[in-house]
Amino acid sequence: MPSLSHLRTLEAESIHILREVAAEFARPVMLYSIGKDSSVMLRLAQKAFYPGRIPFPLLHVDTTYKFKEMIEFRDWYPASIGADLRVYVNREARDAGANPVTLGTAKCCGLLKTRALLNALSEGGYDAAFGGARRDEEKSRAKERIYSFRDQYGQWDPKNQRPELWNVFNSRIDKGQSIRVFPLSNWTELDVWHYIHLENIPVVPLYFAKPRPMVVRGGSLIPPEHNVIPLLPGEAPQMVMCRMRSLGCTPCTGAIRSEAATVPAIIEELLRFRRSERENRIIDHDQEGSMELKKREGYF
Amino acid sequence: MIAAETNRESLSPESLSIDEFLARELNKDLLRFSTAGSVDDGKSTLIGRLLYDARGIYDDQLDSIRKSKVNRSSGAIDFSLLTDGLRAEREQGITIDVAYRYFSTPRRKFIIADTPGHEQYTRNMATGASTAQLAIVLVDARNGVLPQTRRHATISALLGIPRLVLAVNKMDLVDYSREVFEKIRSDFFAFTSDFGFEEIQPIPISALEGENVARRGGQMHWYGGPALLEYLETVPVSEDTRSRPLRFPVQYVIRPDQHFRGYAGQIASGTLRVGDRVAVLPSGQSSRVASITTFDGDMQSAHAPMSVTVTLEDERDISRGDMLTHLDDQPYVSRRFEANLVWMTEDPLAAGRSLLLKHSAQQVSARVHSIESRLDIGTMERKPAATLSLNDIGTVRIDASRPIFFDRYRDNRLTGAFILIDPLTNSTVGAGMIQSAVRRQTVDLGHVTPEERYARNGHGPALLALANGPLALRLERRLFDHGCQVIAAAQGAHTAALYAAGLIVISPSFTGERAIDLNHLPLPGDEEAAVDAIMAYLEQNGILATDRFSSGEGI
Ligand SMILES: Nc1nc2c(ncn2[C@@H]2O[C@H](COP(=O)(O)OP(=O)(O)O)[C@@H](O)[C@H]2O)c(=O)[nH]1
Ligand SMILES: [Mg+2]
């Protein structure tokens, strides 16, 4: 008999992690970013507690620069499966006009994502927060534990992580400290799409190719939504057959030219790719090791 | 055919449609392996090379390491930068913590844990090795077997990794000499002969040049064995846990309404079928499996390592930490057992220390009854020892405050493993692998003595008089967070009993000679500072053990 397949093994391990956190923490919350990884994580949570409801809320930290389709999806899908979704916006920063062009991406992310996240976690009194990050995404993620300990300021100390052996997780924290938990740590981008295909999990339509208005600048396709990025002389949005490989904020997420309009087509495309999924994320490239720096400060 | 070999593996539309590809993907199994060996033996370089050759690296990632200011290798690409992802690691040119990397070939998926070689980061190496089914132990051909090679091979054996690859690396620096390889091989086999590995595959490689990594190289004609990747693709990963005795630790109870009471958990070993008679530990009651419920529909049977939810025919009082097993093949149930322990914190372990023990879904307080021996890495002998220091490997006896249900680690890697947590710092300080149950001691231990209470609580009893109500609550919180047994309460009939039980009792006023009156201490106005002052005072008076509270940093 063959052993349990690779995907079902990952599934069983992730469910174990979700239940462990629900059992041992007083106030867990699931960070819901609307992307494909969140969709998979949400499905795993449904499975973990079936036929009961998911015993913790979902939290979306909204930078207000998200794509319209993302917000529509967010307002529809979690509610349709009976999940309790909460939205948090750093109003103060947003009202002060925070945006990546004037502030720079690092500072903008710091205010609208990291600061907002930390505020939302402390206001909600959450002691454990699930995130959909995968270790194959980025080099500092590859180093992170499944239970990632954070001090009272939400900060990660990569040089002093707790040992984490077998599937026995240490959930002890002092008051004010918290744990970020990554149930998808061992999934790859291909695993995620394959699982979405296998399980028929709904995802935001932006992942699928169709003609969309884009500003073409060199090799990049910049979405004109929110009009944050100033156009250069002669530039105007034009229709391009394209899709998003990963979803973020409109000013900082480029599209890719693609014909892939179904999940299998996306997987097929993925297999031909020679470039990583975060490459189109402008934010990771600010400086060498920038993801690690942001994580140290409290980012996911 | 698509010309460029693609991300992680090739998909050629003529020969394999996407549906066929996905069907094949679904049938792939998974091999988890870790690296081991001393600093600079080439672990990170090997993994980088393997990923590169197996096309597990994207162009932009490659570009970024090509452009990197750091390159410690003598080649065009410093492959170690592919896994050494932390800034401190790149700056210092070392691996500090485990990096997990992923790749697949048409045959199999792989999860790699690239671990650090420095002795000070042994706990991170153990983290990576704990879930591995195979370890690649690297040895620098110029240096041969080093103490750290021994330590890592020992930890790999203790952690129950069944198979090793002995990768003799940097063969390019010893002219691909067969003699050098054979010498290291026999040294290594000599000291691991009674470690109980199922198989050790020695492979001479050059991680830098890629010799014998993804394919057999041209430099070592005298070597007739497989290249590393060939071996990884074909080595059996069986470890068929589903035919072993059933162990189902109850992790979570699901009760959506009065009609459904399900016990959720991940099957640690064995197979569970609807209609099976099962025993509930620790109560010993039995019942039958009524259903195996999942989101995808009910199942007739389920096996390790699936995560499922089980309902029983009878109402039973079952909660997290309990375990379902078959009636005939039960685990040990005991409060006392002997275990191999890797100690993972600077503060040395001595007998009598009270800690928290987490074992599958159970967390209990426990005491280290005794240290039986410590392994001398130099001579590989077990010698008597009073303490275990950071990274020491020893055998200890543990007394848990409640019985736990376990198997010997060598029989079951999940139900035989536990971690130890320091209740004060919350750090994970030990990784344990149970060897056997210890029979109940026949000598009568008599009444629980104040010394035993002190050892368990980590502090002496006290009656503290403190009239300032808010300050009293703040003090209670601080002591509680320190792991003390403490209560702020009015003086009453049970005060003497609480004191005798070893608690710290805080009341507005106390009479009697044992009371410590804090009301007359010169305390600073700031509450936080006042609590600090009281803590220091309690330390001076021997209520709190000074050494235990100063060990907070540097874990
Ligand atoms: N000549 C040669 N150098 C190597 C080889 N493998 C690794 N090195 C070098 O050895 C040093 C240590 O390698 P690294 O991968 O960081 O070792 P680790 O500490 O075991 O992870 C680096 O300078 C590598 O470039 C090899 O096969 N041949
Ligand atoms: Mg290394």
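User: How many salt bridges does the count come to over all chains?

Analyst: The count comes to 51 salt bridges over all chains. The rule is that a side-chain nitrogen of Lys or Arg lies within 4 Å of a carboxyl oxygen of Asp or Glu. Bear in mind that this is a predicted model, where local features need pLDDT of at least 70, side-chain atom pairs count only at pLDDT 80 or more, and totals for chains, interfaces and linings use all residues. Residues are numbered from 1 along each chain as its sequence is written, chains are lettered from A and ligands numbered from 1 in the order in which they are written, and side-chain values use heavy atoms, with hydrogens and water left out.

User: What makes Arg8(A) and Glu199(A) a salt bridge?

Analyst: Their side chains meet at 3.0 Å, N to O, so the pair satisfies the salt-bridge rule. This pair links distant parts of the chain: Arg8(A) sits in helix α1 (residues 6-24) of chain A and Glu199(A) in helix α7 (residues 189-199) of chain A, 191 residues apart. As for the names, helices (H or I, at least four residues) and strands (E, at least two) are DSSP runs, numbered from the N terminus.

User: Are Arg8(A) and Glu199(A) buried or exposed?

Analyst: Buried means under 20% relative accessible area, exposed means over 50%, and partly exposed is in between (1.4 Å probe, protein chains only). Arg8(A) has 26% relative accessibility, so it counts as partly exposed. Glu199(A) has 10%, so it is buried. Both residues also belong to a network of salt bridges that links Arg8(A), Glu11(A), Arg43(A), Lys47(A), Glu199(A) and Asp296(B).

User: How do you know that Lys68(A) and Glu72(A) form a salt bridge?

Analyst: Their closest N and O atoms are 4.0 Å apart, and the pair is counted as a salt bridge. Both residues lie in helix α3 (residues 68-80) of chain A, four residues apart, about one turn of the helix. With 53% relative accessibility, Lys68(A) counts as exposed, while Glu72(A), with 46%, is partly exposed.

User: Why are Asp422(B) and Arg353(B) called buried?

Analyst: The relative accessible area is 4% for Asp422(B), so that residue is buried. For Arg353(B) the value is 12%, so Arg353(B) is buried too. The two form a salt bridge, with the closest N and O atoms 3.1 Å apart.

User: What shows how domain 2 and domain 3 of chain B meet?

Analyst: The bounds come from an automatic or database domain assignment, which gives domain 2 as 242-326 and domain 3 as 332-437 in chain B. Contact here means heavy atoms within 4.5 Å, and 13 residues of domain 2 of chain B are in contact with eleven residues of domain 3 of chain B. Buried area is the accessible area (1.4 Å probe) that two parts lose on being put together, summed over both. For these two domains of chain B that is about 890 Å², 64% of it on carbon and sulfur atoms. The count between them is one salt bridge. Asp407(B) and Arg247(B) meet in a salt bridge at 2.8 Å, N to O.

User: How do you know that the length of helix α12 of chain B agrees with what is expected?

Analyst: The expected span is 1.5 Å times one less than the number of residues. The 14 residues of α12 (527-540) of chain B should therefore span 20 Å, and the end C-alpha atoms are 20 Å apart, which agrees. In this helix, Ala530(B), Val531(B), Ile534(B), Met535(B) and Leu538(B) are buried. They cover an arc of only 140° around the axis, so they lie on the same side of α12(B). That arc is taken from the directions from the helix axis to the C-beta atoms. What covers these residues includes β25 (462-465) and α10 (469-481) of chain B.

User: What makes Asp40(B) and the bond from Tyr50(A) to Pro51(A) worth pointing out?

Analyst: Most residues other than glycine have a negative phi, and most peptide bonds are trans. Asp40(B) is not a glycine, yet its phi is positive, about 70°. With a relative accessible area of 48%, Asp40(B) is partly exposed. The bond from Tyr50(A) to Pro51(A) is cis, with omega near 0°. Another cis bond joins Ala304(B) and Pro305(B), with omega about 0°.
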